[in-house]
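Visitor: I have a protein model open and would like to learn how to read it. Where do we start?

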Amino acid sequence: HTAYRRQRQMCIRDRDPLFFKLVRVVNLTARPFHERVGREHQLTLNEWRTMAVLGAQPGLTASQVADQTGLDKMAVSRALAGLKRHRRVQCREDPTDQRRSRLHLTAAGKALHATVSELGREREAALFAGVGADELARLGTTLDRLIASVGGDAEAQPHAPTVARSRSSTGSSSEGSGRCV
């Protein structure tokens, strides 16, 4: 009975569209985050995604964080509210445009970022342990092209696993006020 179930699951997986497989990988890798990291550090996955971007690119606006993570602006707003509540992120006035605020990790945010980043690197190493360097390079290139395609970012950085290059460092009219939420 279990052999039949296992064979049936393999057949279903073989017919799954590639997009579904991508979503499934994301979901299967995100689940342990909440169980292992989220509970221990009182951190949601979207808060972590926001921290990861700000750790790599301090001083972004909330709209730029949304662009970099692929999250909608409401999800980023909720993530920022949680990060501010725990004093992990702070807003600073943009010196070139007082209507805009820039986001930065606090000392507590930087310490948590370092801890969770290390756990992420360990998880990534375990996940890709059975995948060869050539396959990983091809996967990285393919993912970069997909990100550029769906995000409209023709300048996506090659092999940037957590953060693509910001489309605009000065903002644009689509950014709204750029004020911290």
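Guide: We will go from the overall fold to the helices, the core and the charged pairs. Keep in mind that this is a predicted model.

Visitor: How many helices and strands are in the chain?

Guide: The chain has seven helices and two strands. Read from the N terminus, the order is α-α-α-α-α-β-β-α-α.

Visitor: What percentage of the residues count as buried?

Guide: Of the 181 residues in the chain, 33% count as buried. The chain exposes about 11,800 Å². Carbon and sulfur atoms supply 55% of that area.

Visitor: What do the contacts say about the fold?

Guide: Take contacts between residues at least 6 apart in sequence. Of these, 57% join residues at least 24 apart. Here is one pair to look up: R102 and T61 are 41 residues apart in sequence, yet their C-alpha atoms are 5.0 Å apart in space. For another pair, try A56 and H113. They are 57 residues apart in sequence, and 10.0 Å separates their C-alpha atoms. A56 lies in helix 3 and is partly exposed, at 48% relative accessibility.

Visitor: How do I read a core?

Guide: The general idea comes first. In soluble globular proteins, nonpolar side chains tend to be buried together. In this model, the largest nonpolar core has 23 residues. Those with the most contacts inside this core are L43, W48, M51, L54, V89, L103 and V116.

Visitor: Which elements give two or more residues to this core?

Guide: Helices 2, 3, 4, 5 and 6 do, and so does strand 2. Helix 3 gives the largest share, five residues.

Visitor: Which residues does L43 touch, leaving out those up to four places away in sequence?

Guide: L43 touches F33, G38, W48, M51, L83, R88, L112 and V116. W48, M51 and V116 are also among the core residues with the most contacts.

Visitor: How can I check the length of a helix?

Guide: Compare its expected span with the distance between its ends. Helix 6 covers residues 107–127. At 1.5 Å a residue, its 21 residues should span 30 Å. Its end C-alpha atoms are 30 Å apart, so the two values agree.

Visitor: Which residues of helix 6 are buried?

Guide: In helix 6, G109, L112, H113, V116, S117 and L119 are buried. What covers them includes helix 2, helix 3 and strand 2.

Visitor: Why do residues three or four places apart on a helix point the same way?

Guide: An α-helix has 3.6 residues a turn, so residues at that spacing point the same way. Helix 6 offers a case. E118 and R121 both lie in helix 6, three residues apart, about one turn of the helix. Their side chains meet in a salt bridge, with N and O 3.1 Å apart. E118 counts as partly exposed, at 36% relative accessibility.

Visitor: What is the idea behind a salt bridge?

Guide: Side chains of opposite charge can pair when their charged atoms come close. This structure holds six salt bridges.

Visitor: Which residues are joined into one network by salt bridges that share partners?

Guide: The network joins D94, D97, R99, R100 and R102. Start with D94 and R102. Their closest N and O atoms are 2.9 Å apart. Next come R100 and D97, which form a salt bridge at 3.3 Å, N to O. D97 also has a polar contact with R99, side chain to side chain, at 3.0 Å.

Visitor: Are these charged residues buried or exposed?

Guide: Buried means under 20% relative accessible area. D94 is at 3%, so D94 counts as buried. R102 is at 12%, so R102 is buried too. D97, at 14%, also counts as buried. R100 is buried as well.

Visitor: Where do D97 and R102 lie?

Guide: D97 lies in strand 2. R102 also lies in strand 2.

Visitor: Which side chain, besides that of D94, makes a polar contact with the side chain of R102?

Guide: That is Q64, at 3.1 Å. Show R102 with D94 and Q64, and you can follow both contacts: 2.9 Å to D94 and 3.1 Å to Q64.

Terms used. Residues are numbered from 1 along each chain as its sequence is written. This is a predicted model: local features need pLDDT of at least 70, side-chain atom pairs count only at pLDDT 80 or more; totals for chains, interfaces and linings use all residues. Side-chain values use heavy atoms; hydrogens and water are left out. A salt bridge is a side-chain nitrogen of Lys or Arg within 4 Å of a carboxyl oxygen of Asp or Glu. Buried means under 20% relative accessible area, exposed over 50%, partly exposed in between (1.4 Å probe, protein chains only). Helices (H or I, at least four residues) and strands (E, at least two) are DSSP runs, numbered from the N terminus. A nonpolar core is a set of buried Ala, Val, Leu, Ile, Met, Phe, Trp, Tyr and Cys residues joined through side-chain atoms within 4.5 Å. Contact means heavy atoms within 4.5 Å. The expected span of a helix is 1.5 Å times one less than its number of residues. A polar contact is a pair of N or O atoms within 3.5 Å; within protein, one must be able to donate a hydrogen and the other to accept it, and residues adjacent in sequence count only if both atoms are side-chain atoms. Accessible areas come from the Shrake-Rupley method with a 1.4 Å probe; for residues, only the protein chains shown count as cover.
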